[in-house]
Amino acid sequence: MPVRPLRRINDRRWTRLLRDPAFWVGATLVTSLILAATIGPSLVAHDPNYQYRVSEGGLDANGDPVPPGGRFVLGTDSLGRDELSRLVAGSRTSLSVALSATFVAAVVGTLVGGVAGFAGNPQVTFGLGRARYQIRLPVETGLMRLTDVVLSLPAILLALAVAAVVRPSQWTAAIVIAALLWTATARIVYGRVLDVKRQDFVLAAESLGVSPARILVRHVWPHVAPLVLIYATLGISAAVIFEATLSYLGAGTQVPTASWGSMVSDHRDFFTTQPSLVLLPGLAIVMTVLGFNLLGDALRDAFDPRQVSVGEATERVNATSAVSASSEA
Amino acid sequence: MFAHRSSHRLPHRRLVAMAMLVLAACNPSGSTSPSASGPGGSGGAPQAPTGTLSIAFLSDVQTLDPAQGYDVVSWPAERLIFETLLGYDAEANIVPLLAASLPEVSDDGLTFTFTLREGVNFVQSDGTIVKEMTADDVVASLNRLLNPDLLPNASPVASTFFALIEGADAVAAGDATEASGIEKIDDQTVAITITEANQTFLNILAMPFGAILPADSPTNAEEVTASPIGTGPFLLESRESGQQLTFVTNPHYWNPAAQLVAQIDFRVGVDPTSALQQAETGDLDIMADNPPAGQISALLADDTLTDRVFRSSLVATQFMAMDVSGDTPLNNLLVRQAIASAIDKENITAIAHLGQPAPCILPPPMPGYDPNCDPYPYDPDHARDLLAEAGFADGFDITLYTTTNDPDPAIGAAIQQDLDAIGITVEVIPQAFDVLLGTIVIPHEAGMVYIGWFQDFPDPADFYDPILSCATNVEGNFNLAWYCNEDVDALAADARSEPDSTARIEMYRQLFNDVMEDAPWVPIYYPEQLTVVSERVRNFFHHPAWIFDFGSYDIEE
Amino acid sequence: MLGFLFRRLIWAGVVLLAVGSITFALINIVPADPARAIVGVHASAETVARIRETLGLNDPLPEQLVRYLAAAARLDLGHSYQLDQDVLPLIMSRLPASIQLALAGLVIGLAIGVPLGVLAALRAGGPADRGVALAASLMLAAPSFLLGYLLLFLLAFQPKRQFGIELFPNGGYEPFDLRFLALPALTLGIGLAAYYTRIVRTTMLDQLRSDYVRTARSKGLTERRITWRHVFPNAALPLLTQIGLDLGFLLGGIVIIEQVFSWPGVGRLAVQATVTSDVPLIMGTVLFATLVIVLANLAVDVIYASLDPRLRNA
């Protein structure tokens with residue numbers, strides 16, 4: 001595969017980013033979410049878990065939720081809890097699960113991919129008594145094979161399987177998400193580290209005797225970091241949907257903790273009488289995921305337009321197609 | 001029987017009471033035609049039955065073996081294929097079914113002699129007659145029920161309800177293969193003797209457990225479920241596990257006038273939301289489960305559906321059982337009384353949408369119901385005082401298990417909040433019904449359990465013997481409070497055998513008041529059944545004994 | 001080629017062994033009482049003890065693991081005690097419904113996604129491109145359970161209930177019946193389309209930028225000929241690769257949609273197994289799904305290697 005020269009980091013990327021409307025829309029949505037999750041709970045008027053009784057006006061005389069207006073800005077849910085407070089609390093659940101899972105996944109993925117790419121399969125010499133042995137430690141192969149194994153796992157089914165043996169919660173969901181998500185980052189980082197390793201400036205540094213650690217930090221990391229950030233951002237939106245889906249299926253966040261996914265599934269039957277109870281959490285999920293997707297896409301367009309992830313498959317095709325096209329003409 | 005969905009393969013000694021609903025049937029179309037279990041039919045030439053009735057259930061049929069099955073789906077299925085000696089008419093009176101008439105009872109009240117109906121045939125699934133029913137089959141069926149080596153388990157009622165039969169204990173111990181109390185007098189006559197006087201024995205025989213199978217039936221429930229051979233109005237044509245059971249009319253049934261439809265489809269695994277939608281649009285004929293709580297107000301207010309919506313009180317109680325004899329603070333009477341006073345039953349009943357708050361254990365339609373019984377009205381301040389008096393002013397932690405069926409988790413959350421207000425921290429653990437049943441039969445496993453109990457027969461004994469008596473305070477049984485009060489138990493024993501029904505009912509009234517003083521349960525509300533049927537269904541009503549009597553509904557083609 | 005195939009098969013086997021070990025760990029190490037986890041919570045203590053003996057759960061773990069993996073290799077995926085059926089036949093009985101859904105969803109996803117992706121690539125940077133990108137982002141952001149529920153309510157229930165018109169049936173299932181398949185497949189297809197649009201766009205753009213296109217242009221071939229005779233077929237292959245490699249994504253979608261529409265497939269079986277803590281069934285399903293994914297990956301690798309001999313040394 002021909003080596004493409006990497007551009008040095010410069011200001012044009014930032015300019016491109018700031019000019020992208022997707023960036024601004026995404027950033028706004030994400031910021032709103034973060035605000036809602038952090039300071040939101042202290043701003044809302046009600047405790048999201050407090051069930052207002054019939055006698056307290058939380059449910060009407062039939063035991064049904066109260067429509068929006070007055071004391072409850074967005075109405076109450078099937079248990080008489082303030083819907084607005086629940087939505088805000090749900091943002092905290094979604095964000096905490098998604099951020100923690102993605103952070104762990106990013107760290108693990110970077111380590112795995114970075115070590116695999118940088119260390120390769122080193123030859124190690126060690127001595128036993130007077131004999132000298134040389135073995136090749138299959139670090140790169142082993143780590144990437146491990147990545148392949150985990151990538152072969154069916155994500156949702158595995159999450160369901162875990163929920164069958166342990167009591168599910170938003171934290172089991174976070175653990176499962178992290179355990180599956182790191183592979184995406186690992187592959188990306190691996191590919192990028194391999195690219196960087198072959199660059200002239202790295203080869204030069206190595207031949208000058210610069211320590212591997214310094215090479216990693218000063219030369220490799222700057223080219224890897226943006227990728228990690230991009231895929232972490234996209235990973236967050238995947239984590240949000242995954243957590244919502246698991247909660248919807250009953251294998252994620254449990255009562256009474258608010259989660260948008262379980263809010264949708266809990267109120268399916270109230271759709272005819274109070275559709276907002278389904279639509280509002282659904283909208284919250286859509287807005288959150290959209291926000292992180294737009295942000296991640298904008299970051300990718302600005303910092304890594306080559307779009308490494310699909311590149312691998314494309315490279316295979318390019319080689320074969322070059323022959324056919326030129327022969328046609 | 002526990003309320004709601006199927007209970008698959010219960011362990012030994014589990015007591016099952018079948019739901020019988022003495023209810024005020026709201027049936028605007030008026031007619032209550034005799035159920036298929038009644039003898040004879042309307043006059044006129046019997047026509048070939050036509051039409052297919054489709055019914056949706058949330059849970060699958062667990063088994064078709066009458067000795068094993070006992071849940072709200074398996075029983076209706078069994079009742080289409082098999083029959084018992086006795087049945088119930090539309091007013092919940094016991095009537096002869098496979099018996100030609102009501103039994104002769106000996107003077108000591110211990111021996112019941114049944115003359116069997118003649119001309120009843122066992123028919124297998126493909127419609128061929130296997131043989132005619134005789135006393136041998138009756139004897140064999142009852143002994144089969146008592147057989148401890150049935151697969152996969154012995155029958156849950158072999159050592160409880162049916163242990164009444166003389167010689168049943170010998171069979172259970174393996175010392176005999178037949179009970180001495182079941183005697184064939186001649187080909188058409190059977191005598192059953194019980195060990196002590198019991199006013200509910202005929203009701204016990206009317207439960208599907210008492211169904212008559214051919215004498216050489218396999219002892220393996222799986223085989224019986226695969227090829228059931230019974231005397232009933234329907235045959236099992238096919239079964240797709242988890243999807244559907246198809247029943248077709250039995251061409252050789254002894255009472256053709258009672259056969260109204262040609263085919264009945266049990267669609268299983270259908271959630272109530274979908275079932276309701278399909279019943280409303282006519283894609284389904286009957287939904288067997290209650291609609292989801294969120295749809296109920298709209299349903300009741302909808303004018304276009306009025307004559308297709310049937311609402312009846314059930315003879316049942318939704319309650320919260322507390323572990324009386326375990327290691328938690330619940331073993332303190334004051335604590336339990338505090339909890340009982342802290343639950344806002346009006347609120348919970350509103351959340352459930354269908355029912356009445358329950359101050360005491362027996363529901364209103366049940367004989368022995370005491371309208372003046374209300375020992376623990378809602379009073380959180382008083383509850384806090386009681387708790388402090390018991391030494392738990394700072395509260396404590398406890399678990400509450402519920403099913404995952406709507407609206408139970410919501411009710412669990414409401415109870416959690418009510419108890420949080422007096423300082424008790426409740427961890428709500430919803431479990432699928434099958435799973436829950438396995439958890440709660442382990443003594444002291446659950447701190448508190450929220451569940452419902454349907455009456456098995458219109459007799460107050462059924463609300464004590466299987467679920468509160470000292471005899472059931474062992475693993476595998478449904479005494480969820482693990483409660484045993486010897487004095488109350490003695491009163492129950494007297495009441496069981498008291499022949500004077502007025503005195504008996506008074507004894508039960510007293511008994512349940514005594515039980516409430518011990519507060520092993522907090523009764524929460526008395527539930528109702530709400531059923532939506534399609535426009536094509538005729539003769540629909542809620543049966544006082546079986547909730548649904550699918551064999552007696554008709555369909556317009 | 002044979003050597004390559006052999007190496008790939010070995011690797012597939014390794015992956016399956018690894019996943020089998022993971023499910024083994026989930027069955028036997030995580031729960032407090034593996035015997036009870038297998039039999040189900042409502043079995044009697046005697047049954048649990050009996051099962052413990054029969055299944056050899058008192059044997060040392062490595063021995064159990066070997067037995068478990070050997071059984072899986074023989075396609076014995078265990079027995080569901082709660083449903084009283086063997087796991088693999090149960091999965092196979094539900095498989096046709098899932099396959100119909102998957103295929104129909106794929107067809108719809110490609111039918112919507114490919115044209116949109118091509119359009120976006122050909123008009124890259126312009127308003128059409130942005131429009132498609134936005135639509136795709138929105139569809140990707142919408143969870144399938146929400147979309148499915150809305151479609152069911154608006155297109156199936158409401159028309160019949162309010163107006164008496166049956167646009168689509170209200171749930172239900174008949175094999176190979178398009179009426180019942182329509183809404184679930186549409187829900188799945190929309191989600192897939194959003195995903196495939198981006199891939200098609202990216203691969204088309206990659207192709208359009210490459211040297212052979214420049215060469216072809218300089219040789220005077222029309223844009224249309226270049227696009228459809230050369231670029232598109234070359235873009236199609238990575239797309240198909242991506243579909244094969246993303247089978248896990250498809251499976252996940254199927255699980256959710258089957259739950260929303262009560263579609264009697266493997267996904268719904270898995271959710272029911274989770275809810276009832278039917279451990280053997282859910283673990284068997286995980287193994288089965290992994291097998292499908294591994295086979296798909298293998299197929300993709302083999303197809304590529306047969307097309308490009310240089311890849312066979314990988």
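**Exercise 1. Work out how chain A of this predicted model is put together, starting with its contacts.**

Step 1. Look at the contacts in chain A whose separation is 6 or more: 72% of them come from residues 24 or more positions apart.

Step 2. Now go through the elements. Chain A has 12 helices and two strands. Walk along from the N terminus and you meet α-α-α-α-β-β-α-α-α-α-α-α-α-α, with the β-β pair coming after four helices.

Step 3. Check burial. Chain A has 329 residues, and 50% of them count as buried.

**Exercise 2. Describe how helices H4 and H9 of chain A cross.**

Step 1. Decide what to report. Two packed helices are described by the angle between their axes and the distance between the axes.

Step 2. Fill in those values. H4(A) covers residues 83–119 and H9(A) covers residues 212–249; their axes come within 8 Å and cross at roughly 145°.

Step 3. Add the handedness: H4(A) and H9(A) make a right-handed crossing.

Step 4. Find who does the touching. On the H4(A) side, the residues include Ser94(A), Ala98(A), Ala105(A) and Phe118(A). On the H9(A) side, they include Leu216(A), Val224(A), Gly235(A) and Glu243(A).

Step 5. Sort the residues of this contact by class, and you get 15 nonpolar, five polar and one charged.

**Exercise 3. Sketch the open sheet of chain B and find its edges.**

Step 1. Put the five strands in order: S10-S11-S12-S1-S13, with mixed pairing.

Step 2. Spot the edges. Strands S10 (234–240) and S13 (286–287) of chain B each have a single partner strand, so one side of each is left without a neighbour in the sheet.

Step 3. Zoom in on one pair. S1(B), residues 52–56, and S13(B) pair in the parallel sense over two bridges. One residue to mark here is Ala56(B), whose bridge partner in S13(B) is Met287(B).

Step 4. Lay a helix on your sketch. H1(B), residues 74–81, lies across S10(B), S11(B) (244–249) and S12(B) (263–267). Draw H1(B) running at about 135° to S10(B).

**Exercise 4. How many residues of chain C are in contact with chain A, and which helix of chain C gives the largest share?**

Step 1. Count both sides: 62 residues of chain C are in contact with 48 residues of chain A.

Step 2. Look for the main contributor on the chain C side. Helix H13(C), residues 279–307, supplies the largest share, with 12 residues.

Step 3. Finish with the classes. The side of chain C that touches chain A has 39 nonpolar, 18 polar and five charged residues.

Terms used
Residues are numbered from 1 along each chain as its sequence is written. Chains are lettered from A and ligands numbered from 1 in the order in which they are written. This is a predicted model: local features need pLDDT of at least 70, side-chain atom pairs count only at pLDDT 80 or more; totals for chains, interfaces and linings use all residues. Two residues are in contact if their C-beta atoms, placed from the backbone, lie within 7 Å. Ala, Val, Leu, Ile, Met, Phe, Trp, Tyr, Cys and Pro count as nonpolar, Asp, Glu, Lys and Arg as charged, and the others, Gly among them, as polar. Two strands pair if DSSP finds at least two bridges between them. Axes are lines fitted to C-alpha atoms, for helices over the stretch in contact, and angles run from 0 to 180 degrees between N-to-C directions. A residue is buried if 20 or more other C-beta atoms lie within 10 Å of its own, exposed if 12 or fewer, and partly exposed in between; C-beta atoms are placed from the backbone. A crossing is left-handed if the near helix is turned anticlockwise from the far one by less than a right angle, and right-handed if clockwise.
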